[in-house]
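User: Please take a close look at one loop residue, and then follow the connections outward from there. A formal account with the criteria stated would be appreciated.

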Amino acid sequence: MLEVKGLSKSFGGFRAVSDVDLAVAEGEIAAVIGPNGAGKSTLFNLITGHLQPTAGRVLVDGRDITGVAPYRICGMGMGRSFQRTNIFPRLTVLENVQAAFLIHRGQGPNFWSRSERLYRADCEALLASIGLAGQARTTAGTLSYGNQKQLELGIALASDPKILLLDEPTAGMSASETHESIALLERIARQRGLTLLFTEHDMAVVFSIAQKIAVLHQGRIIAHGDPATVRADAEVRRVYLGDH
Amino acid sequence: MKTNDLASRIPWTLVVFLVALVVPWLGSRYNTFLATQIAISGLFAVSLNLLLGTTGLVSFGHVAYFGIGAYVCGILMKTYAMPFSIALPAAALGAAFASLVFGFFCVRLTRIYFAMLSLAFSQIIWAIAYKWNDVTGGDQGLPDVPYPDLDWMNSIPLLGDLRIAGQFYVVTLVVVGLSLAAMRRIINSPFGRMLTTIRENAERASAIGVDVRRYELAAFVVAGGFAGIAGALFGIFSRGVFSDYVFWPKSAEVMIMTILGGIDHFWGPVVGAATLVLLNQETTSYTEYWSFVLGTILLVLLFAFPGGIVGGLSAGFAWLRRKRRGAAGPETGSAEVATVEVKRA
C-alpha cells in the first residue's frame with residue numbers, strides 16, 4: 001500500500017531523515033515512534049509532499065508520488081492530520097467536513113450552486129460516525145480540543161482516503177480523551193478497511209493498536225516489526241523505551 | 001429561533017433596493033448624486049471584500065481594476081462611440097484580464113508581499129494612464145465621457161419624468177444590484193466555500209485537495225472584473241476618467257470602506273461605503289478640516305466596532321437575543337431593547 005524507499009532529508013548539514021525504508025500493507029495499522037526530534041514529523045511531511053526529499057522515493061499502490069504537491073496527493077487516496085490541530089476555525093463543524101466533500105467530489109469550480117445544501121446526508125452520516133452529530137452547527141474553533149481532533153479526522157475521512165497519516169493523533173489530550181479517540185480510530189479503520197500510519201508519544205496507545213511498529217532514532221530506523229519484536233529489541237530499550 | 005422573528009422573513013435586500021430606487025423621484029439632484037456614488041462605491045467595496053473577507057487576501061492595488069474598467073468603458077464610449085451595452089461588458093472583461101495577468105504573479109507571494117506587489121501593479125497602471133496621452137489623455141484625463149443612450153426610457157411613464165442623471169442612476173442601481181446578486185451567489189457556492197477554507201487555513205485547504213494558488217487567482221479575477229464594472233459606471237457618473245482614479249489613495253479609500261463596514265458580512269462593505277461617502281460629504285460642507293474630522297470619526301468607529309459597523313450591530317443583536325431568551329423577565333428584556341435602540345438613534 002505505502003512504500004518508502006531510501007528516503008532522506010537534509011536541512012543544511014543536518015540530516016533530519018536518513019535513508020528510511022518503510023512498508024505498510026493494505027489495512028494495516030502501523031506506528032512510527034521515537035524520541036523528540038527523531039524526525040517523525042519530517043518523515044510525515046516528506047510522505048505527504050509538504051517537504052521535498054533530498055533522496056529516496058514514496059510509492060502509494062506502486063505509484064510514485066515523490067515530490068507531488070500536497071493538494072494532489074489528497075486525490076490519490078492519502079489523507080492526513082496534523083500535529084497542531086488543523087481545522088477551519090470560523091466555519092461550522094458541518095461546513096468543515098462539507099468543504100472536504102465538495103472539493104473531493106469535483107465541486108470546487110462550481111460557482112453557482114448553493115453549497116449549503118450539497119451532500120448534507122453524507123456530512124451528517126460522517127459526523128455521526130465520529131461522534132460529532134450533535135455539534136454540526138457549532139463554530140469549529142469553539143470545540144474542545146479533543147473534539148477538534150475528532151473533527152480533523154472527519155475532514156480527512158471526507159476525502160475517502162485509502163491510507164491515513166496521523167501525526168500524534170492524541171497529543172495534548174487527557175487520558176480519557178486519548179482512550180476515546182483511539183477507540184474511535186480503531187473502529188473507523190476497521191469499518192473502512194483503512195490503512196493507518198501514525199506517530200505517537202503514548203506507548204500504551206501504540207502497543208494497544210499498532211500491528212507494526214518502526215522506531216526512528218536520529219533520523220534512522222533502528223528497529224521495526226510487530227510490537228513484541230520491537231519491545232524486545234535491545235537497541236530500542238537502550239535509546240528509547242528504557243528498562244521497564 | 002428561525003420562526004420567532006418577523007424581521008427574518010422580510011426580504012430586506014429587496015426592500016433596500018426598492019427604497020434606493022425611489023431616490024431620483026424625490027426631486028433632489030444632490031441626493032441622486034450621493035445615491036449613485038454610494039451604489040458604485042458599494043459595488044467596488046464588495047468586490048474588494050471577495051479578496052479581503054472571503055479569501056483572506058489583502059490587495060492594496062484593487063483600484064487598478066476599477067481604473068481599467070473606467071478607462072476601457074470611457075475610451076470605447078467617447079473615442080469609438082460604442083454603445084454602453086458593449087462598453088460595460090468590455091470594461092469587466094478588460095479588468096478581469098488584467099487581474100489574470102497581474103494576479104498570476106501576485107498569488108505566488110504571500111501576505112505583505114502579495115499586498116506590496118498588488119500595489120506595485122496598480123502604480124504601473126497609474127503611470128500608464130498618466131503618461132499615455134494618445135489613449136488615456138494623460139494628466140488631462142478623458143473628459144466628457146457621454147451618458148449611455150437612454151432615450152428609450154422617455155417613453156416609459158415614470159422613467160420618462162427623470163433627468164438623464166436620474167435615469168443613469170436607475171441603470172447604475174440595476175447593474176450594481178445584479179452584480180451584487182452574482183457575487184453573493186458566488187460566495188455561497190462550493191467555489192466560495194473553497195475560498196473561505198483558504199482564508200481559514202491554507203495549509204489544511206491544500207491537504208483536502210484545494211489548489212490554493214489557482215483558487216486565489218480565480219478570486220482575484222472575479223474581484224477584478226466586478227471592480228471593472230464599478231469603474232465603468234463611475235467614469236460615466238463623474239463625466240470623465242482621470243488618472244487619479246487609479247492612484248493609490250483610492251485603494252486605501254475602498255479598503256477603509258470595506259473594513260469600516262465589516263469584512264465578515266456580505267453587506268458590510270456597502271454599509272461602509274455609504275457611511276464614508278456620507279461622512280465625507282457632511283464634514284466637507286461644515287468644515288475645511290474635513291480630513292481631520294473624518295479621521296477622528298473613523299478612529300472612533302474602528303475602535304468601537306472592531307468587526308466593522310455590521311459586525312458590531314450583529315454582535316449587539318445576538319446579545320439582545322440571548323438577553324431575551326435568558327432568565328430576565330419580559331419587562332427587562334424590552335427595556336433593554338429600548339435603551340439600545342435609543343443609543344443607535
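User: Is A:L143 buried or exposed, and how many other C-beta atoms lie within 10 Å?

Analyst: The model is a predicted one, in which local features need pLDDT of at least 70 and side-chain atom pairs count only at pLDDT 80 or more, while totals for chains, interfaces and linings use all residues. Residues are numbered from 1 along each chain as its sequence is written, with chains lettered from A and ligands numbered from 1 in the order in which they are written.

A:L143 is buried, because 20 other C-beta atoms lie within 10 Å. The term buried applies to a residue with 20 or more other C-beta atoms within 10 Å of its own, exposed to one with 12 or fewer, and partly exposed to one in between, with C-beta atoms placed from the backbone. The residue belongs to the loop between α4 and α5 (145-158) of chain A. Helices (H or I, at least four residues) and strands (E, at least two) are DSSP runs numbered from the N terminus. Leaving aside residues up to four places away in sequence, A:L143 touches A:Q135, A:T138, A:Q148 and A:L151. Contact here requires C-beta atoms, placed from the backbone, within 7 Å of each other. The C-alpha atom of A:L143 is also separated by 8.9 Å from that of A:V93, although the two residues are 50 apart along the chain.

A:V93 leads to the packing of two helices. A:V93, A:L94, A:V97, A:Q98 and A:F101 in α3(A) meet A:D122, A:C123, A:L126 and A:L127 in α4(A). These residues divide into 7 nonpolar, 1 polar and 1 charged; Ala, Val, Leu, Ile, Met, Phe, Trp, Tyr, Cys and Pro count as nonpolar, Asp, Glu, Lys and Arg as charged, and the others, Gly among them, as polar. The axes of α3(A) and α4 (residues 120-129) of chain A come within 9 Å and cross at roughly 115 degrees. Such axes are lines fitted to C-alpha atoms, for helices over the stretch in contact, with angles from 0 to 180 degrees between N-to-C directions. The crossing of α3(A) past α4(A) is right-handed, meaning that the near helix is turned clockwise from the far one, whereas a left-handed crossing has it turned anticlockwise, by less than a right angle.

The helix α3(A) also takes part in the contact between the chains, to which chain A gives 29 residues and chain B 21 residues. On the side of chain A, α2 (70-75) and α3 (93-104) are the elements that give two or more residues, and the largest share, 5 residues, comes from α3(A). That side divides into 16 nonpolar, 9 polar and 4 charged residues.

Across the contact, the buried residues of α9(B) pack against α3 of chain A together with α2, α8 (164-187), α10 (202-207) and α11 (212-237) of chain B. Helix α9 (residues 190-200) of chain B is mostly covered, with 10 of its 11 residues buried; B:F191, B:M194, B:L195 and B:I198 are among them. The α2 element of chain B, at 29-55, recurs in the packing of α13(B), whose buried residues also pack against α12 (248-261) and α15 (308-325) of that chain. Helix α13 (residues 268-286) of chain B has 19 residues and reaches 27 Å from its first C-alpha to its last, close to the expected 27 Å, a span given by 1.5 Å times one less than the number of residues.

A contrasting loop position is B:D139, between α6 (133-136) and β1 (142-143) of chain B. B:D139 is exposed, because 12 other C-beta atoms lie within 10 Å. Beyond residues up to four places away in sequence, B:D139 touches B:Y130 and B:S243.

The strands of chain A complete this view. β6(A) pairs with β7 (residues 163-167) of chain A in the parallel sense over 4 bridges, where pairing requires at least two DSSP bridges between the strands. A:G79 has A:L164 in β7(A) as its bridge partner. From β6 (residues 78-81) of chain A, A:M78 and A:R80 point one way and A:G79 and A:S81 the other, and all are buried. A separate open sheet of 4 strands follows the order β2-β1-β4-β5 in chain A, with antiparallel pairing. Its edge strands, β2 (14-24) and β5 (63-64), each have a single partner strand, so one side of each is left without a neighbour in the sheet. Helix α1 (residues 40-47) of chain A lies across β1, β2 and β4 of chain A, at about 65 degrees to β2(A).
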